[in-house]
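Colleague: I have the model open and would like to learn how to read its features. Could you walk me through them?

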Amino acid sequence: MIGESMYQELILEHYKHPQGRGLRDPYDAEVHHVNPTCGDEITLRVKLGDAGKIEDVSYDGQGCSISQAAASVLHELTTGSTVEETLSVVDEFTRLMQGRGKVEADEDVLGDAVAFAGVAKFPARVKCALLSWMAYKDAVVRSAAR
Amino acid sequence: MTSTSLDVERIRKDFPVLSRELPGGRPLVYLDSGNSSQKPTAVVETVREHLAMHYSNVGRAMHALGAESTEAYESARDKVAEFIGAPSRDEVIFTKNASEALNLVAYSFGNPGNTDPRFTLGPGDEVVISEMEHHSNIVPWQFLVQRTGATLKWFGVTDDGRLDIADISGLITERTKIVSIAHQSNVLGTINPVADVLRRAREVGALVMLDASQSVPHHAVDMAALGADFVAFTGHKMVGPSGIGVLWGRAELLDAMPPFMGGGEMIEAVWMDHSTYAPVPHKFEAGTPPIVEAIGLGAAVDYLTGVGMEAIEAHERGLTAYALDALREVPTLRLIGPDSLDQRGATLSFTLDGIHPHDVGQLLDDEFGIAVRVGHHCARPLHLRFGIPATTRASFYLYNTTDEIDALVRGLHHVQKVFA
């Protein structure tokens, strides 16, 4: 049923085995974002490297499988890419999540993050999926401002 | 006319929504009455009939419909007064919800317009609440102490989910002006020891307010017997409409309090530079009130009285005993709240190892049509106290069955399989 399609195997895998979890030093910016309606929260750090590349995205937080898996996928998709590339992934992911389930995902851009397509049909859960991605966008802006 | 047993299958027929199917052919298993209850046909029809045939404004319309509406609205007040054993009908103030009732009382303290010593508040004075409160019984008091420089203190909660009254004398002192606590916790199900709190409050001359949103719908609560000074509750949790709540207060206190909101119908006379106010209850009912909602609440208390509050309490007690046993069988389930029937109502909150409540609630709903509440249930400090961000909460009412508890347990096993 609907719930099954939301809880894709890939999401459950990332939830059970989060990638890159834990806060690491050094970092250029740290942000803390919360979802007041459900209490999910994330602390996220960004370390910029040479040539506009993201050297590391480290994070810690608590929340449902959707919010935690989204942070894990975010880590995988951003680390090692350029800031510019990652921001276009963030934009595409945001577009997918806010599309109420009617937006066709660009798998070339999103990679594993397409697994979240089913979440878009649940308005109450969209914020769970976007929590870490919005935190990342915020952190990138702040680290670039330094 | 109270009976002591309840025919749940007959009761269920009174609630049309309970026989509907959710998309995908799922039957509805509604275990979220602590959040808001479903409505019986009697309430729906009373509201419909009033809107269709009798509606007009109350108290100020000098025509036949105005008289009918006023009569229906004021007789709803009579019904509520009788239902809660209020010494006087004028002590029943209609608000839009329990939150407004709590805010109204908090506003009365430390108000420059009120010199009555029972309601003065400033630095050195104290307000006592508890760690198990709903946000609506926390935030208004935070506003109050921020506004006046008074100090906010609170009861802690024991590991088994009881109000920690070990140091009640140290907490409630000569400096305490008011104690405001839940009669029954919306998360733990705990029924608080009101008599102990009242005894100490009386020793030091403090007032006592109870948030009875979770108790009045589920067992007979008598204002005179309870002995508190203020009691707040809400219609939508007791088979009535949303948008209508009640503040009960002792007449001599209500008389000594300033109006809360200004507007039509709360006045006696108005000049350009000042006004005088109507006596209670209308002093606190500014503007056109929630007319049909109040009338619907009147129908709700008629319905509950017809079923019998003792029968409802006994039925819920049976469900709670059954659910406590059934949930014990679910691996890693941690109950947050008393695990015995002693002084507890039909609200059970719990966690499952490694599975966030939002995921539990989503799967229960999508796969089985089971409606529970997940999150912090507007009681974040209580969840912080237990070191958890959220819980899953099942709350029962007169229309729930043991079959539905079985469905919940099956659902929880399924959730654990998905996340295994």
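Colleague: How many residues does each chain give to the contact between chain A and chain B?

Modeller: Two residues are in contact if their C-beta atoms, placed from the backbone, lie within 7 Å. Here chain B contributes 14 residues and chain A contributes 12 residues. On the side of chain B that touches chain A, helix 12 (residues 357–368) of chain B gives the largest share, 6 residues. Helices (H or I, at least four residues) and strands (E, at least two) are DSSP runs, numbered from the N terminus. This is a predicted model: local features need pLDDT of at least 70, side-chain atom pairs count only at pLDDT 80 or more, and totals for chains, interfaces and linings use all residues. Residues are numbered from 1 along each chain as its sequence is written, while chains are lettered from A and ligands numbered from 1 in the order in which they are written.

Colleague: Thanks! Into which domains is chain B divided?

Modeller: Domain bounds come from an automatic or database domain assignment. For chain B they give domain 1 (8–39 + 308–418) and domain 2 (45–305), with C-alpha centres 28 Å apart. Their contact takes 27 residues from domain 1 of chain B and 29 residues from domain 2 of chain B. Helix 11 of chain B supplies 5 residues, the largest share of the domain 1 side.

Colleague: How do strand 5 and strand 6 of chain B run, parallel or antiparallel?

Modeller: Two strands pair if DSSP finds at least two bridges between them. Strand 5 (residues 126–130) and strand 6 (residues 151–157) of chain B are parallel, joined by 5 bridges, and B:Ser130 stands opposite B:Phe155. With helix 5 (residues 139–148) of chain B, these strands make a right-handed β-α-β unit; right-handed means that, with the strands pointing away from the viewer, the path from the first strand over the helix to the second runs clockwise.

Colleague: Which residue in the turn of the hairpin has a positive phi?

Modeller: That is B:Gly161, at about 85°, in the hairpin of strand 6 and strand 7 of chain B, which has 5 residues between the strands. Strand 7 (residues 163–164) of chain B runs antiparallel to strand 6 of chain B, with 2 bridges.

Colleague: And how many helices and strands does chain A have?

Modeller: Chain A has 6 helices and 3 strands, in the order α-α-β-β-β-α-α-α-α along the sequence. Its C-alpha atoms fill a box of roughly 45 × 30 × 25 Å along the principal axes.
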